[in-house]
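Biologist: Hi! I'm new to this one and would love a friendly tour. Could you pull it up for us?

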Amino acid sequence: MPALGTAGFGIRTFYAATHPNDKCGANGLPLTPNSVKILGRFQFLKTLSHPRLCQYLDISKTKHECMLVVSEHHSSSLKELIKKEGSIGESEIVRVGYQLLEGLCYLHNNGVVHRNLSVEHVLLDVEKNVKLSEHGLYYMTDYGADVSFPIGLPRYMAPEVLCSGPVRVDEETGHCVQPLSGPKSDVWAFGLILLQLVLGKEIWARLGIKETLHKIVEMIKSDMSPIDIFQQDATVASKLQGTSRELRDVLRLCLTVSAAKRAKSSELKQHPLFRDERMKAVPHKEEVRMCTTELRCKDLELPTYEETIENEFSDDHLSRRSMSEVFYLWRLAGGDLEAVLRKAGLAKTRRPVHLLPCYGIVDGEVFGQDRDFAELLDFTVVPLSQEQLRYRLRDVPATAYYPLLEEESKVVETQSLPTSPSSGELTSSASLPLVIREKDVEYQFHRIILYERLLAAYPFKRPCIWREARVDIPPLVRANVWAAILEVEGDVEGMYDSIDKETPTTTDRQIEVDIPRCHQYHELLSSPSAHAKFKRVLKAWVLSNQQYVYWQGLDSLCAPFLALSFNNEALAFACLSAFIPKYLHKFFLRDNSAVIQEYLAVFSHLIAFHDPELSNHLDGIGFIPDLYAIPWFLTMYAHVFPLHKIVHLWDTLLLGNSSFPLCIGVSILQQLRDRLLSFGFNECILLFSDMPEIDIERCVQDSIKIFCSTPKSATYRQHARPNKKKTSEDRPNLSYYSRDYHDQPQSELSMEPIPIDELKGEKCCRISAEDLIELGELAGAAYSRSPTKKRQTSKPMILIVDVRSPEDFRRGTLQDSINIPFQTAFSPEGDLNPCSAVQTLNSRRNQVIIVVGNRGRNAANFANELVRLGYSRVCVLHKGLDVFRTTGLITVPPADI
Amino acid sequence: MPHSVEKDFSYVFHTKSTKSTLKVAVTVPLRTSVKEFVARLVQAHNLPCFAVQDLEEKLEEFVNRENCSLQDKNAEDAIKKVKDGEINADDLVNQWLPAYTEELKLYSKPYEPSKDEKFAEVYHSLIHSPALETLLNLEHEYSLGVERLIKDRDRDLQHLQEKQRKEMDEALANVGTVYRDEDINLLAQRQFENSQTVESKWVSELSALHEQQKAEYREWVHRVHEDSQGNTTLPTYVQRLRSMSNALPDAEEEEREAPITRLEESFTIHLGAQMKTTHNLRLLCTDILELCRHKPHTVGGVVIPQPQRLQTAMSLYSHSLCGVVMLVDSRLNTYTGSKQKFALVCDSSTDFHFPSLERQLQVIEQQLPLAAEIKAQKRLMRGEEADQVSLNSSSSSGSASNEDKEKGGERRLHSGDFYLTKHSNLSEVHTVFHVVADDNLRTSDITSRHPVILAIRNIIKLSFRYDIHTLTVPLLLTHEMTEEMTISWCMKRAELMFKCVKGFMIEMATYSSQESRTIQFLVPSGLSEELFHQISNMIPTIFRLSNPLVVKSS
């Protein structure tokens with residue numbers, strides 16, 4: 001994306017054509033509105049960046065199929081130049097002509113035909129450089145099929161365009177019936193523009209449409225060259241005589257009726273006329289994408305000292321930021337497109353009460369409605385003032401535009417924000433809720449600049465990115481930050497290109513059925529362009545993971561990545577490919593029941609661990625996780641929430657390890673706790689059939705809390721991703737937070753696979769001996785991996801309950817443990833028999849209760865009973881006390897008092 | 001003139017001693033990138049990696065060349081047709097003309113707002129200014145004038161009726177003595193003509209008053225608007241009227257109480273699986289005309305306009321209209337039943353903005369032939385399909401269409417059709433959808449494909465299109481309770497309607513904005529309170545209510 005420079009932003013509107021009443025497409029679903037189609041096709045135009053083009057920035061649709069397009073804008077145009085200065089010298093004509101060709105060649109190489117070229121649509125920046133505008137209209141409207149107005153002014157209509165007649169839309173496919181206009185129709189218009197520059201006035205200025213079209217018809221029918229027809233006018237002839245032979249030759253090459261004989265734009269660029277211009281021209285360098293194997297330093301020329309001085313002396317630092325970034329900030333600074341239009345008097349529509357039809361029949365056809373004049377195409381471009389943005393950023397010091405990324409050793413946790421005079425203010429805004437931070441222009445400004453620098457240094461700066469992401473991720477850079485967190489690297493595009501996404505496969509049908517049901521409220525994702533991309537990414541994933549199959553839900557998983565990296569399918573695919581093994585290892589096996597059953601069993605344990613009352617209630621009514629939680633985990637909540645909530649959830653989820661999603665599940669249940677407790681089975685089913693609104697920020701905070709208060713081994717799953725061989729040193733071992741259990745070194749004190757039936761039979765999670773040693777500080781308050789224990793000074797946060805017989809207990813047990821023998825613990829009513837140990841148990845209810853027994857089932861059963869009685873945070877020592885035999889931690893308890 | 005063409009591409013590469021040739025058919029233009037296509041070729045033909053880059057270049061060149069020649073060929077074909085006269089150039093120009101003049105502002109005639117629309121702009125700006133009160137008071141004054149005339153009319157007509165009855169009684173008593181049978185007939189005829197004349201005199205008087213008031217009012221509004229444009233300070237008339245309204249006496253005790261309390265219950269609901277939109281539902285039990293009629297409203301004994309009136313006036317030209325669905329029979333007039341009552345309500349004050357109801361119906365009637373044509377076309381298309389399926393049913397449908405024609409019935413309204421009238425002088429309503437319903441609505445077994453339900457779908461669709469944010473729908477599809485409408489009938493009907501409306505709203509909200517809307521479900525005033533609560537209890541089971549706040553005991 002080019003830098004802002006001296007450019008302004010402009011907004012224009014047009015209306016998409018409406019579909020006939022209740023028409024359905026070939027798949028039986030209602031037709032996609034044309035506005036949505038345009039929205040999807042437009043996205044590609046954003047990727048076209050060239051110094052001779054007005055950069056497209058944004059599109060949105062408002063009520064009633066009205067489209068708002070934002071692009072770079074300059075206030076003067078070729079039309080004004082001609083009006084003001086009349087004929088300009090030939091060297092100037094050649095310069096403008098060559099710049100026009102540069103723009104056209106770039107478009108044509110990218111498969112875009114302008115079709116809308118005219119002197120009005122050639123803008124000039126302050127240095128009189130050419131900027132083509134409106135070049136995407138023909139492309140984004142599916143070559144005119146999605147709008148009811150013709151594209152291009154009659155005067156510039158190439159002969160073949162005129163001969164094909166106005167666009168007719170095929171009823172079945174919704175595409176244009178006639179052959180599409182080729183790049184050569186732009187060459188004709190280019191010729192006309194050149195001719196007008198030579199003449200110093202507009203041709204056929206006073207003719208109506210009919211006369212203009214007849215003029216072109218005349219040229220078509222005549223055997224003379226159009227340029228000779230023009231020369232029949234004496235003034236034209238004399239003007240042309242005054243120009244060089246080469247210029248006349250170019251004109252003749254452009255203004256040729258026969259398209260086959262007309263020159264191509266690339267050929268014209270090589271014409272001798274432009275010899276000098278070609279020498280002067282600076283080749284345009286394509287922007288490099290985040291993950292690429294191309295050399296980023298290729299043809300890098302370090303600026304000389306003088307140049308640097310010259311550039312740096314400009315005070316307008318904002319103008320050096322990219323346009324998309326400035327436009328993003330413009331929005332945050334209170335920029336409102338519709339308000340701008342209203343102020344300019346452009347959004348003025350007729351009163352709805354006057355437009356109403358007066359009669360309708362049962363088929364849905366209506367009669368007597370009026371057409372709104374506002375729907376007609378208006379070429380007016382309303383400039384967007386940057387004043388407000390600049391005012392909001394007036395106090396930002398120049399240094400804030402170029403933050404230093406300190407050496408890692410010097411960075412202290414708290415100094416994660418750039419140091420600037422206003423950073424005190426920034427850290428205070430950092431504590432505000434996320435939704436407010438995302439709307440704060442100054443905060444976002446700092447964050448974006450910081451991230452942009454970090455991303456430019458990716459993968460080198462990955463630890464920094466990781467650390468910043470724990471604060472928040474600005475929406476503008478989210479796609480790339482996610483990719484960085486997911487450790488996407490290497491030749492992403494090459495990989496993606498090498499997968500055959502075209503050949504039909506057996507899963508195609510299912511994919512095609514699922515896509516039109518996936519996040520379709522999202523305008524971008526509901527467009528046909530998005531559907532095509534969806535299909536390609538999903539097929540690519542299925543093909544490149546032969547051991548897995550397509551399960552419904554994969555589409556939902558893909559949606560957030562595709563929505564973020566819409567113009568970079570390869571990146572979306574790479575992210576998806578990195579995400580699935582991390583969180584959904586083996587979930588997409590043809591027979592995934594073992595994996596899912598284990599996941600759900602661990603989830604039930606976690607509910608019981610944190611909320612025994614809810615767990616008892618849900619178990620009591622038989623509302624087991626199998627009934628509601630499978631789509632949660634299979635799609636990592638992407639099927640459950642709307643996209644704007646998923647991104648916030650995933651911002652945190654991506655930083656967590658593979659058991660973090662379980663904690664999210666518990667936090668969702670906690671938000672609905674009151675209702676769930678009062679509901680019976682049927683009401684619960686009904687509640688989850690249509691997920692109620694969830695406060696996502698609270699959900700994220702709660703799940704972090706839950707995660708931090710869960711012993712790591714409690715969420716052990718044998719089907720989680722096995723330990724990766726490569727220990728990635730570039731990712732900081734910031735905390736326990738990000739590490740997977742499987743990534744830790746294993747010993748005989750660690751967890752080991754438990755048969756699924758056993759797992760399901762128990763209500764409580766098991767904890768490994770390792771975790772017990774750590775939590776209980778049995779090996780001293782040494783290096784700790786667990787966040788459960790926060791303050792070094794506080795008492796141990798666990799209570800060890802030895803449920804073996806008193807004889808065994810006296811023979812040796814763990815330090816500080818209490819003894820409640822299982823055999824005698826419970827009264828016939830099921831309550832705990834009161835004794836001093838039970839009193840201790842009751843007085844320390846906030847602590848993690850670890851039930852320790854022999855290898856038998858006594859400990860598990862005891863724990864089940866505790867849960868039934870409403871004790872929270874109960875877990876069972878895996879493998880019983882015997883596991884400590886070799887550790888020397890078993891001591892003889894002090895004698896009973 | 002094809003959009004794409006298949007061409008043979010051949011590629012030659014050498015390895016040490018062998019020369020290999022690859023020949024494939026390539027569809028131009030390529031649907032994917034060249035790189036991807038080459039990757040496929042490499043996979044399919046097991047090509048060596050050293051050939052890849054060269055292959056990419058060659059293929060790119062090939063595709064560009066073929067693409068260009070395809071486009072050139074298409075262009076040449078199009079030009080040739082015109083050159084050879086196969087396509088008439090004048091026809092072509094005439095095709096282009098409307099494309100430009102009807103779709104581009106640059107070439108079309110600038111839009112000239114009608115008189116009504118100019119008035120609308122002025123009115124809308126005034127009603128959102130301090131002049132608001134004045135406007136409403138003036139409207140109110142006018143409506144009192146109409147009321148007086150209507151009272152006079154009713155008295156006069158009653159008087160006439162009485163007189164005629166007396167005459168007739170007397171005549172009948174003396175049949176055979178003073179009067180002959182023929183005399184009676186004559187008398188009846190004379191009386192009838194007499195009352196016709198009187199009635200039409202009143203009708204014309206009333207419409208004359210409406211016209212006069214409307215003209216006066218509009219002129220006044222325009223004048224006030226001009227005045228207010230001139231000076232920025234509050235014009236004197238506003239001050240005057242301000243003081244007048246300030247001087248209103250305090251409301252008396254009994255006036256403070258709401259005049260009639262109607263049974264109603266409101267719900268806030270969420271629609272949608274992932275993205276939720278919030279809407280409001282209201283169940284209310286009242287007569288449909290109560291939503292239209294202005295209720296007498298007095299403060300301190302002075303009759304003043306109702307507060308609802310203010311809301312309706314301010315939103316008349318806004319993007320938030322109120323509509324109501326009314327069920328009518330298939331005749332486009334106002335002579336009988338609820339239609340007549342509705343017409344009386346409409347005529348009870350002057351509509352300063354829209355034509356009279358009668359005039360609006362005339363305009364609607366003009367649309368009927370057009371609609372009939374479309375219907376016939378659709379029937380023809382459907383008919384063709386249906387004929388192939390079942391030949392035997394064609395006889396019955398044929399007779400039915402004949403019947404229609406005999407009545408000149410192609411112009412008739414059918415069940416599920418609706419017409420729409422606009423009003424500025426009703427209490428809580430801007431537009432009324434008159435849905436044509438037939439008697440089979442009373443039976444219990446109607447489905448979601450019933451024409452009236454389809455009409456409701458069409459109306460909800462229109463509401464989304466034309467910014468009607470509040471729509472009132474008769475929940476039981478009836479305006480009056482009758483004997484056969486048992487509790488189970490009502491519950492069944494209510495459930496069907498709730499579910500259908502929910503479906504329609506989800507359907508319409510798919511591609512439209514996130515605006516929230518209000519749907520009011522109306523049940524007839526004859527409904528028992530118990531049944532009302534049963535129906536309102538059904539709403540939470542069908543719609544997802546927004547998260548309730550659960551009160552905790554602690």
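Modeller: Happy to! One term before we start: a residue is called buried when its relative accessible area is under 20%. Also keep in mind that this is a predicted model.

Biologist: Good to know. Then let's try that term on a cysteine: is A:C558 buried or exposed?

Modeller: A:C558 is buried, because its relative accessible area is 1%.

Biologist: And which cysteine sulfur is closest to the one in A:C558?

Modeller: That would be the sulfur of A:C518. The two sulfurs are 7.6 Å apart, which is too far for a bond.

Biologist: What about A:C663, where does its closest cysteine sulfur sit?

Modeller: The closest cysteine sulfur belongs to A:C708, at 8.6 Å, so that is too far for a bond as well. A:C663 is buried, with a relative accessible area of 1%.

Biologist: How many disulfides are there over all chains, then?

Modeller: The count comes to zero over all chains. The cut-off used is a pair of cysteine sulfur atoms within 2.5 Å.

Biologist: OK, switching to chain B. What is it built from?

Modeller: Chain B has 15 helices and 12 strands. It contains 554 residues, and 43% of them are buried.

Biologist: And how much surface does chain B expose?

Modeller: About 30,300 Å², with carbon and sulfur atoms supplying 52% of that area.

Biologist: What share of the contacts in chain B is between residues 24 or more positions apart?

Modeller: Counting contacts with a separation of 6 or more, such residues account for 72% in chain B.

Biologist: Let's pick a strand. Why is strand 7 of chain B described as largely enclosed?

Modeller: Strand 7 of chain B covers residues 321-328, and eight of its eight residues are buried, so the rest of the structure largely encloses it.

Biologist: Which residues are on each side of strand 7?

Modeller: B:L321, B:G323, B:V325 and B:L327 are on one side, with B:C322, B:V324, B:M326 and B:V328 on the other. Both faces are covered. That fits a general pattern: in a regular strand the side chains alternate between the two faces of the sheet.

Biologist: Which strands pair with strand 7 of chain B?

Modeller: Strand 9 of chain B, residues 431-436, pairs with strand 7 in the parallel sense over six bridges. Strand 10 of chain B, residues 468-474, also runs parallel to strand 7, joined by four bridges.

Biologist: Where can I see that pairing in individual residues?

Modeller: Try B:G323, which stands opposite B:L471 in strand 10 of chain B and opposite B:T431 in strand 9 of chain B. Further along, B:M326 stands opposite B:H434 in strand 9.

Biologist: How many residues of strand 9 of chain B are buried?

Modeller: Six of its six residues are buried. B:T431, B:F433 and B:V435 point one way, while B:V432, B:H434 and B:V436 point the other way.

Biologist: And how does strand 8 of chain B pair with strand 9?

Modeller: In the antiparallel sense, over five bridges; strand 8 of chain B holds residues 418-422. B:Y419 stands opposite B:H434 in strand 9.

Biologist: Last one, back on chain A: which residues form a nonpolar patch on the surface?

Modeller: A:I624, A:L627, A:F681 and A:I685, with about 300 Å² of accessible area together. A:I624 lies in the loop between helix 29 and helix 30 of chain A, and at 38% relative accessibility A:I624 counts as partly exposed.

How values were computed:
Residues are numbered from 1 along each chain as its sequence is written. Chains are lettered from A and ligands numbered from 1 in the order in which they are written. This is a predicted model: local features need pLDDT of at least 70, side-chain atom pairs count only at pLDDT 80 or more; totals for chains, interfaces and linings use all residues. Side-chain values use heavy atoms; hydrogens and water are left out. Buried means under 20% relative accessible area, exposed over 50%, partly exposed in between (1.4 Å probe, protein chains only). Helices (H or I, at least four residues) and strands (E, at least two) are DSSP runs, numbered from the N terminus. Two strands pair if DSSP finds at least two bridges between them. Patches are made of residues with over 30% relative accessible area and no salt bridge: like charges are joined within 9 Å, nonpolar side chains (Val, Leu, Ile, Met, Phe, Trp, Tyr) within 5 Å. Accessible areas come from the Shrake-Rupley method with a 1.4 Å probe; for residues, only the protein chains shown count as cover. A salt bridge is a side-chain nitrogen of Lys or Arg within 4 Å of a carboxyl oxygen of Asp or Glu. Contact means heavy atoms within 4.5 Å.
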